[in-house]
Structures are given as C-alpha cells and as structure tokens.
Amino acid sequence: MPDYSIYYKKSWRADSEWPDFKWDVLISAFNSSDRVRTAFEKVRAGEKHWFISPEYCYTAAELPTDARCFIPPEEDEAVAVQSYFKEAGFDPQRVRLCIDTTGFMRPHLLVMLKYLALAGVRRFDALYSEPLQYSQKEKTRFSDEVVVEVRQIAGFEGNHSPDTSNDVLVIGAGYDHALIAHAAEFKENAKKVQLLGFPSLRADMYQENVLRANRASEQFGNPGGEQLDIHFAPANDPFATADALAEIYEHANRTRVTNLYLCPISTKVQTFGFGLYYLTE
C-alpha cells in the first residue's frame, strides 16, 4: 500500500500574508464565490487562466476580464479538459503548475488529475479555500437538487465484472443529500460504505454534514439488512482520504470484492483524495 503521508501540505489564512510561492501557470475554475476570486487575485503566477465550466451557464457579460478565459465545449469532462490544455498551449511537464480546486466541478477536477498523470507530470500544487461557514448551515443548498442521471466519470470507468454478488459502493458524503440518495439508489444491491469528513472544515460542520447525509438514510439500506459501514477522513486532507479508501478496500476485500465503486460527493479536497487513490492503486 503506498505511503500517502509523504506528500506535503500547508495552510494559512486567506486574509493574512501569503507564503512566497510563485508559479508559471495558475488554473482556476471561475464561479461567483469570494473564496475563488480572492485566491485568484493573491496567487503569484506568470499566467492565470479561468476555466469556465459550461454547466454554470455564465453569459459572456458575466465572465471575468482580468485573465484569459477558456470555455470548453459542452461535452463530457474528458473533452472539456483536453480542450483546455490544447487551447492553453503549454506543456504541463515543463511549468510550475498550480490548480485552485475550489471552484471546479468534481468530474472536471478528477479528469484534470488523470490528464496530468498521463502527461507524465510528477509534481504540481493544488489549492483549496475553506469556507468560514455555510450561509444556511445544514439547510444550505449547493445545487438545485435535480439529478438528471448517475453515470461514470469519463476516463474512470474501470473494468466491470459481471459477477455483482459482492459489489461495494464507497460514497464520500457531503451536504448534498439528493446526490447521495441518487448514487446509493443507482447501486441499490451493492454494500454501502459512507466516508464522512471528520475532522470537518469547521467545528460545527460535522454535525451539519451528518444531518444532511441522514436525509438519504432510506437509500443506504444494505443487502440483507447489514448495518451501514461508516468511516472517517479529514475533510481537508486528500492524502488521509486516499489512506482511508485503501483501508476500506483492504477490509472489504477479505471476502473478495467483485466491483468497487467510488463516489466522491463531499469536499473538493476529499474528491482529490478519491482521484489520487484511484490513479495510484
């Protein structure tokens, strides 16, 4: 099992003096939050790129004018990420690269991680800006909660075994109970494992997270009435998340897992950890 603890991480307050980091290229996914805009302004980089997610439906008048904007085609996440790198025109192996994960949609973030791995990139830096609190606490809505489909992420499909007798679904469960419920229902015959963010980003966020995730409790029924398996990993640590996933699989595979499904719908940092685990193991 890889030692994920060899990776380094550092934290600082957004309103304090930032460390003396400088990169050649910064990639950030544009959205309207202060967290995304503040980091974009403060990062020192030779080039700064805004990745415009088509799903956010920004009009031309709403797009930022302080840096280059890259608007990928309205196709799947693999096409979007490939389109960005083709248009941006830099070799990711030859630049000091920084990715602000805060505003990215999870599929785009995961595919970008795989793109860099396939391109032979051995090192880059990733940022994430933590919220102080959510505006409506456990009642905060992070989407319109209308789920059109549950599908695999392009490039992360894996080889499916026709034997589904001991399938395991690991859901990184955040606040969006509608996504959690649909994902659990999509694989209703799989054993469900819930990975919660603990310690959470802020002291009260763990309780809020549990309250929201519990709204999907009906869909978390396990075959044969088996009790829901709950694990924990720090909400702001991708490496501890990857470690937790490795331990979950090692324990589950004592009875030979037929198919393993990974569903990261918690923090972007934990999503990053899911991608790191998948690509490493």
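This passage describes the sheets, cores, aromatic pairs and selected side chains of a predicted model.

The protein chain contains 7 helices and 9 strands. Of its 281 residues, 46% count as buried. Among contacts in the chain with a separation of 6 or more, 72% are between residues 24 or more positions apart.

We may begin with the sheet built from β1 to β5. This open sheet of 5 strands has parallel pairing and the order β3-β2-β1-β4-β5. Its edge strands are β3 and β5 (125-127), each of which pairs on one side only. On average, neighbouring strands here are turned by 25° against each other, direction ignored. At the β5 edge, β4 and β5 pair in the parallel sense over 3 bridges, and I99 stands opposite A126 in β5. Helix α1 (residues 34-42) lies across β1, β2 (45-51) and β4, and runs at about 155° to β2.

The other sheet is also open, with 4 strands in the order β8-β7-β6-β9 and parallel pairing. Here β8 (229-233) and β9 (260-265) stand at the edges with a single partner strand each, so one side of each has no neighbour in the sheet. The average turn between neighbouring strands of this sheet is 20°, direction ignored. Strand β6 (residues 168-173) pairs with β9 in the parallel sense over 6 bridges, and G172 stands opposite P264 in β9.

Turning to the interior, the largest nonpolar core has 26 residues, of which I27, Y84, F85, F90, F104 and M112 touch the most other members. Two or more residues are given to this core by each of β1 (23-29), α2 (77-88), β4 (97-100) and α3 (106-118). What does F104 contact beyond its neighbours within four places in sequence? Its partners are I27, S28, A29, F51, Y56, I99, L109, M112 and K268. Two of the residues named above thus recur around F104: I27 and M112 are in contact with F104 and are themselves listed with F104 among the core members that touch the most others. A second, separate core has 17 residues, including V193, F239, L245 and A252.

Aromatic rings deserve a paragraph of their own. The count of aromatic pairs comes to 18. One of them joins Y56 and Y58 edge-to-face, with 6.4 Å from centre to centre and 85° between the planes. Both tyrosines of this pair are partly exposed, Y56 with a relative accessible area of 29% and Y58 with one of 23%. The rings of F70 and Y84 also form a pair, with centres 5.0 Å apart and planes at 85°, so this pair is edge-to-face. Because F70 lies in strand β3 (residues 68-70) and Y84 in helix α2, the pair ties together parts that are 14 residues apart in sequence. F70 is buried at 2% relative accessibility, and Y84 is buried with a relative accessible area of 1%. Ring pairs further link F70 and Y84 with F51, F85, F90, F104 and Y115 into a cluster. Several names in this cluster are already familiar from the largest core, where Y84, F85, F90 and F104 are among the residues that touch the most other members.

Helix α2 also holds E77. Is this glutamate buried or exposed? E77 is buried, with a relative accessible area of 4%. Its side chain is joined to that of R151 by a polar contact of 2.7 Å. Not counting residues up to four places away in sequence, E77 touches P107, H108, V111, R151, Q152, I153 and A154. Of these, P107, H108 and V111 fall within the residue range of α3 (106-118).

A final side chain to consider is that of H182, found in helix α4 (residues 177-186). H182 counts as partly exposed, at 32% relative accessibility. A polar atom of the H182 side chain lies 2.9 Å from the backbone oxygen of A178. Leaving aside neighbours within four places in sequence, H182 is in contact with V147 and V150. Between H182 and V148, the C-alpha to C-alpha distance is 9.8 Å, while their separation in sequence is 34 residues.

Notes
Residues numbered from 1 in each chain as written. Predicted model: local features only at pLDDT ≥ 70, side-chain atom pairs only at ≥ 80, totals over all residues. Heavy atoms only, no water. Pairing = 2+ DSSP bridges. Axes fitted to C-alpha atoms, helices over the stretch in contact; angles between N-to-C directions. Core = buried A, V, L, I, M, F, W, Y, C linked by side-chain atoms within 4.5 Å. Buried < 20%, exposed > 50% of the residue type's maximum accessible area, 1.4 Å probe, protein only. Contact = heavy atoms within 4.5 Å. Polar contact = N/O pair within 3.5 Å; in protein donor to acceptor, adjacent residues only side chain to side chain. Phe/Tyr/Trp six-rings, centres within 6.5 Å; stacked < 30°, edge-to-face > 60°.
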